[in-house]
Amino acid sequence: MEKQATTNGLYLIMKLLRAFKCHCNVEIIASIRSIKYVIKYMLKRNDQAAVQINNDNKISRYLMGRQREILLFTTLSLIFGTMAVVVLDNGAGFSKIGFSTDEQPRNVPNCVSKAKNVRTRIFIGDQIEDCKDLSGLYYLLPFQKGYLVNWEIEKQVWDYLFGKDVLKVNFSETTLVVTEPHFNFLSIQEAMNEIFFEDYQFQAIYRTNASHLSDYKLRREQSTNNLCSLVIDSGYSFSHLVPYMKGEKITNAVKRINVGGKILTNHLKEIISYRQLMVMDETYVINQLKEDVCFVSQDFNKDMEKARLNRKDNSIGRDYILPDYTNIHRGYMNTLEESTGKSKENEQLIRVNNERFSVPEILFHPSNVGIEEMGVAETVAHILSLVSKEMEPHLLNNILLTGGNCFLPGFKERFVKEVRSMIPIEYDLKVTMPDNPQTYAWHGGAQLASDPKFSSMVVTKHQYEEYGHSICADKFNV
């Protein structure tokens, strides 16, 4: 009964919209009467928004049809204001998910894993934490080269996230905000529409890019009304640089670099396997090693000279103790004094030296590993050449760094140094990096869900059933 009342409420809104368009007074009155029942139903659930509208002395004028636009806006706000909103920042490496009312999202690996010592079970998302031995993990990834191509694997992850183990989503009363990469293929977009509306039966969805949610949150946080912003999202598969003006992306200046955290981890595996120990099957362990030991050099040539010195004078080389999953469950880096190159009893170590900074250097110089593309700083200068001269200082004065690669120590400082050297001296440069650049876009989606305009941005299930993919293409600027 409850599901039917809420579902009918959204259907009646669509009925009301069509009535306004054709000015059919009889149909308006019939729809308004039905919506009054929806309001009464919500009052039984003690919904504060419904109480406020029901007690408003203007409601009688609305129901008489004297202010049709206000009635429509009020009704839309009422229905969507009472519905749950799930925000899913669906990254290639991690999915950040939670209800818009949550303080923090759950950060879940977007993959299905198999362990060599547990042959009878697969681990979905963060279930991998239940595995006692994480060596030799085999990953099944839904994303390849940044695009969602393995729907069977992704569906398993989404079933887990939406199901009883994580969010317990009631699809018929829930709106979904979901992200997708820039330059996404039309076939992938349409497949997402079909899965969310036809398989999961979400009441409404809003598809967007993570950078758009980041830009929205940045504008909400800033006291000054900045006209423009440049969002840099350096994630698992790609690094995107997206300029915005008044909340709208400048499409012709959006750029992608085919370098992300995955390439850094794979390159580090190759270096260690060639120099010391075969670790090509140890993606999980080496990814942790990357997070623990790597940093972005402020002067690459100077640090390379330090790394060439012998052990006594070398301040960069360190010993990294590998996990054995008996006594040591996560690897760790020794201090400079403890890094003697000699392992203690039952310990296995890897000596890391110039790879600590030469691997992250790929973000700034992809050509170091044969990727003939510009680095993140050089791409900023290229984007400035694609926008109007008047816009350049506004973009440089409002740059936002997001994505997991921003966690690398020294990333922001090196980025500022490189960009500063490429732009005119009279331009100010302001770069912002949030405390958690990985979840920043998710928080932007959570804030967007409470925006009064949000109800007009989504596509409802009824609209999708009536107009198909065309209405999604019209409404979602991805």
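**View 1. Helix 9 and helix 10 cross roughly perpendicular to each other.** The counting rule here is 65 to 115 degrees for roughly perpendicular, under 35 for roughly parallel, over 145 for roughly antiparallel, and oblique for the rest. Their axes, lines fitted to C-alpha atoms over the stretch in contact, are 9 Å apart, and the angle is about 105°, on a scale from 0 to 180 degrees between N-to-C directions. Gly261, Leu264, Thr265, Leu268, Lys269 and Ile272 of helix 9 meet Thr283, Ile286, Asn287, Leu289 and Lys290 of helix 10, where contact means heavy atoms within 4.5 Å. Sorted by class, that makes 5 nonpolar, 4 polar and 2 charged residues, with Gly put among the polar ones. This is a predicted model: local features need pLDDT of at least 70 and side-chain atom pairs pLDDT 80 or more, while totals for chains, interfaces and linings use all residues. Numbering starts from 1 along each chain as its sequence is written, and side-chain values use heavy atoms, leaving out hydrogens and water.

**View 2. Helix 10 (residues 283-293) has several buried residues.** They are Val285, Ile286, Gln288, Leu289, Lys290 and Val293; buried means under 20% relative accessible area, exposed over 50%, partly exposed in between (1.4 Å probe, protein chains only). Their cover includes helix 9 (261-275) and helix 12 (355-358), plus strands 15 (318-321), 16 (332-333) and 17 (349-352). Helices (H or I, at least four residues) and strands (E, at least two) are DSSP runs, numbered from the N terminus.

**View 3. Asn209 sits in the loop between strand 10 (204-208) and helix 8 (210-221).** With a relative accessible area of just 1%, Asn209 is buried. Its side chain makes a polar contact with that of His182 at 3.4 Å; such a contact is a donor-acceptor pair of N or O atoms within 3.5 Å. Beyond four places away in sequence, Asn209 touches Thr179, Glu180, Pro181, His182, Lys249, Asn477 and Val478.

**View 4. Phe295 and Phe357 form a tilted aromatic pair.** The rings are 5.9 Å centre to centre, with 45° between the planes. Phe295 is in the loop between helix 10 and helix 11 (300-307) and Phe357 is in helix 12, 62 residues apart. Both Phe295 and Phe357 are buried. Rings pair if their centres lie within 6.5 Å; planes under 30 degrees apart are stacked, over 60 edge-to-face, the rest tilted.

**View 5. Phe364 and Phe411 make another tilted pair, 5.6 Å centre to centre and 45° between the planes.** Phe364 comes from the loop between helix 12 and helix 13 (376-384) and Phe411 from helix 15 (residues 411-420), so the pair ties together parts 47 residues apart in sequence. Phe364 is buried at 3% relative accessibility, and Phe411 is buried at 1%.

Methods. Phe/Tyr/Trp six-rings, centres within 6.5 Å; stacked < 30°, edge-to-face > 60°.
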